[in-house]
Structures are given as structure tokens and as C-alpha cells.
Amino acid sequence: MISIPGMAAEGKAVQYQVDGAAYEGYFISPKNNAPLVLMIHDWDGLTDYEVKRAQMLADKGFSVFAVDLFGKGIRPDKVEDRKKLTGELYQNREKMRKLMQGAIAEAKRLGGNVSDAVAMGYCFGGAAVLELARSGADMKGFVSFHGGLDTPAGQNYSKTQGNVLVFHGAADTAVPMSDFVSLNQSLEQAGIENEMIVYSGAPHAFTVFGSDRYREDADRKSWQRFLEYLDEEL
């Protein structure tokens, strides 16, 4: 069991399977039937960063299921391994979708309120959230923090059921503003309600505590808007 001392809600590591393979997520809930946030990790895998963010949300009254898209015990610390793992899922979108659906099913099994839920993700997880949106998943909203924003060939947002909220850094060299604009155009063409916010001077991964890319102002503002959004939607 994983827990953070001094906090009201206690989270736990959860082992589950998708297509016979083992995965380890993280679940925390402050009360029964609390609105659910499905959280998808960046290319590091599910680490203490997601656990901390999940606890922050639980302190605000939300339950959180942090998804594992890489597999139990697979938490890459080398860039080449991160590229390999994310690249495999980018090349196999059907598997990516199946893994997220499997995580939703596990969240439901644990008592998560999947009928009152929003999906959110960081970096690679933001791109995965948009994949979930395009799949037609029954969520009230889809939120990307400094995530990949391009739309794969042959895909669109015609099946998207919830709205889309995007937080992007103007100084992000990994995800250009052209992708930001193209996503906005795609969402508008599909008639999907969206809110897309850009933070001046913020690079890729601007919410990651302790990194040289962390920008306190952009992190604070995006988190506050995210909490307001959750209160509006859930």
C-alpha cells in the first residue's frame, strides 16, 4: 500500500490485468461515490509525481485512479526506454485505447464513479487522453497538461462525448503552436466544446515539480483552472 503521511485520504497501489498482462495503478478516494478523475502518467510511467497529484485532488474531494500504461514494475529512467515504450503505444493506438478502457473498468470495480468522471494526463498522458476522447469514451471531459496535441492520420473528434480542456506552454519546443492551432480547428469543426490556454514562457512539462522546466506561475494558474473546471463538470 502506498500512502502519504498526514493526509486524510489513504491511497493504495492496485494490481490489475489487461489482456492477461499485469499492470499497477493507484487509487485514492476521500468518500464513497466521489467524482472520479482518471489520471494518465507522462513518459516516466506512474511515479510519485502522479501519486502526489492524486493526493492533491483527493484533498479537494475527488477520487482518482492513476492508470498504468506500461506494465507492472516498468518505470523507465532512461530516455531511450521512455521513447521505446511510448513509441510502441503511439504505433498501436488500439492497444493504447484498450489499456485505458481496462483502467476504467478497474476504477469501476474499485468503486470509482465512472459515470461522473473526467480524464486528464501529463505530456504523453495528455496525448493519451486525447486518444481516449477520439475513441468515444463516455467521459464528461478530457484534459491535457502540456501533452502531445497532433491528431493521427485517419482520426478525428466526431465520436468525442465530453468537452476538451488544454493547457499548453508557449515555449514548448516539443509540441509546436501549429499543433495547438490544428487541434483547436479540429475540435471546432467537430462541434466539440473546448477551452485552450497558453502560458507565456512555459516550456514542455511546466508542471513537473523540481525540474528545470517547472514554472510556478503556469503550474499554479493551470491547476486552479483545472479545479474550477472539475467543479463545473462533475
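**Strand order, helix packing and aromatic contacts in the predicted model**

Both faces of strand β3 are covered, with Pro-35, Val-37 and Met-39 buried on one side and Leu-36, Leu-38 and Ile-40 buried on the other. In a regular strand, side chains alternate between the two faces of the sheet. The structure described here is a predicted model. Six of the six residues of β3 are buried, and the strand is thus classed as mostly covered. On one side, β3 pairs with β5 in the parallel sense over six bridges, and Ile-40 stands opposite Gly-121 of β5. Pairing with β4 is likewise parallel and extends over five bridges; here the bridge partner of Ile-40 is Val-67.

These strands belong to an open sheet of eight strands with mixed pairing, in the order β1-β2-β4-β3-β5-β6-β7-β8. The edges are formed by β1 (12–18) and β8 (194–199), each of which pairs on one side only. From one strand to the next, the twist averages 20 degrees. At one edge, β1 and β2 run antiparallel and are joined by seven bridges, with Gln-17 bridged to Ala-22 of β2. The hairpin of these two strands has two residues between them, and Asp-19 takes a positive phi near 55 degrees there. At the other edge, β7 (residues 163–169) and β8 run parallel and are joined by six bridges. Within this pairing, His-168 stands opposite Val-198 of β8.

Helix α4 (residues 124–135) packs on the sheet, where it touches β3 (35–40), β5 (113–122), β6 (141–145) and β7. The direction of α4 makes about 140 degrees with that of β5. Helix α5 (residues 177–190) lies across β7 and β8 and runs at about 165 degrees to β8. Two packed helices are described by the angle between their axes and the distance between the axes. For α3 (residues 93–109) and α4, the axes come within 10 Å and cross at roughly 90 degrees. The two helices are therefore roughly perpendicular. Arg-93, Met-96, Arg-97, Met-100, Gln-101 and Ile-104 provide the α3 side of the contact, while α4 contributes Phe-124, Ala-128, Glu-131, Leu-132, Arg-134 and Ser-135.

Strand β2 (residues 21–28) includes Ile-28, which counts as buried at 1% relative accessibility. When residues up to four places away in sequence are not counted, Ile-28 touches Ala-9, Glu-10, Gly-11, Ala-54, Gln-55, Ala-58, Phe-62, Ser-63 and Val-64. Ile-28 and Leu-227 are 199 residues apart in sequence, and their C-alpha atoms are 17 Å apart in space.

The structure holds 13 aromatic pairs. A pair of aromatic rings is described by the distance of the centres and the angle of the planes. Tyr-16 and Phe-65 form an edge-to-face pair, with 5.7 Å from centre to centre and 65 degrees between the planes. Because Tyr-16 lies in β1 and Phe-65 in β4 (residues 63–67), this pair ties together parts that are 49 residues apart in sequence. Tyr-16 is buried, with a relative accessible area of 5%, and Phe-65 is buried at 0%.

Ring pairs also link Tyr-49, Tyr-122, Phe-145, Phe-167, Tyr-199, Phe-206, Phe-209, Tyr-214, Trp-223 and Phe-226 into a cluster. Two rings of this cluster have a basic side chain over them. Lys-52 lies over the face of Phe-209, at 5.6 Å from the ring centre, and the charged end of Arg-53 sits over the ring of Trp-223, 4.8 Å from its centre.

Most residues other than glycine have a negative phi. Asn-33, in the loop between β2 and β3, has a positive phi near 65 degrees. Ala-205 likewise has a positive phi near 65 degrees and is placed in the loop between β8 and α6 (216–233). The accessibility of these two loop residues was also evaluated. Asn-33 is exposed, with a relative accessible area of 57%, whereas Ala-205 is buried, with a relative accessible area of 10%.

Notes:
Residues are numbered from 1 along each chain as its sequence is written. This is a predicted model: local features need pLDDT of at least 70, side-chain atom pairs count only at pLDDT 80 or more; totals for chains, interfaces and linings use all residues. Side-chain values use heavy atoms; hydrogens and water are left out. Two strands pair if DSSP finds at least two bridges between them. Helices (H or I, at least four residues) and strands (E, at least two) are DSSP runs, numbered from the N terminus. Axes are lines fitted to C-alpha atoms, for helices over the stretch in contact, and angles run from 0 to 180 degrees between N-to-C directions. Contact means heavy atoms within 4.5 Å. Rings of Phe, Tyr and Trp (its six-membered ring) pair if their centres lie within 6.5 Å; planes under 30 degrees apart count as stacked, over 60 as edge-to-face and the rest as tilted. Buried means under 20% relative accessible area, exposed over 50%, partly exposed in between (1.4 Å probe, protein chains only). A charge sits over a ring if NZ of Lys or CZ of Arg is within 6 Å of the ring centre and within 35 degrees of the ring normal. Angles under 35 degrees count as roughly parallel, over 145 as roughly antiparallel, 65 to 115 as roughly perpendicular and the rest as oblique.
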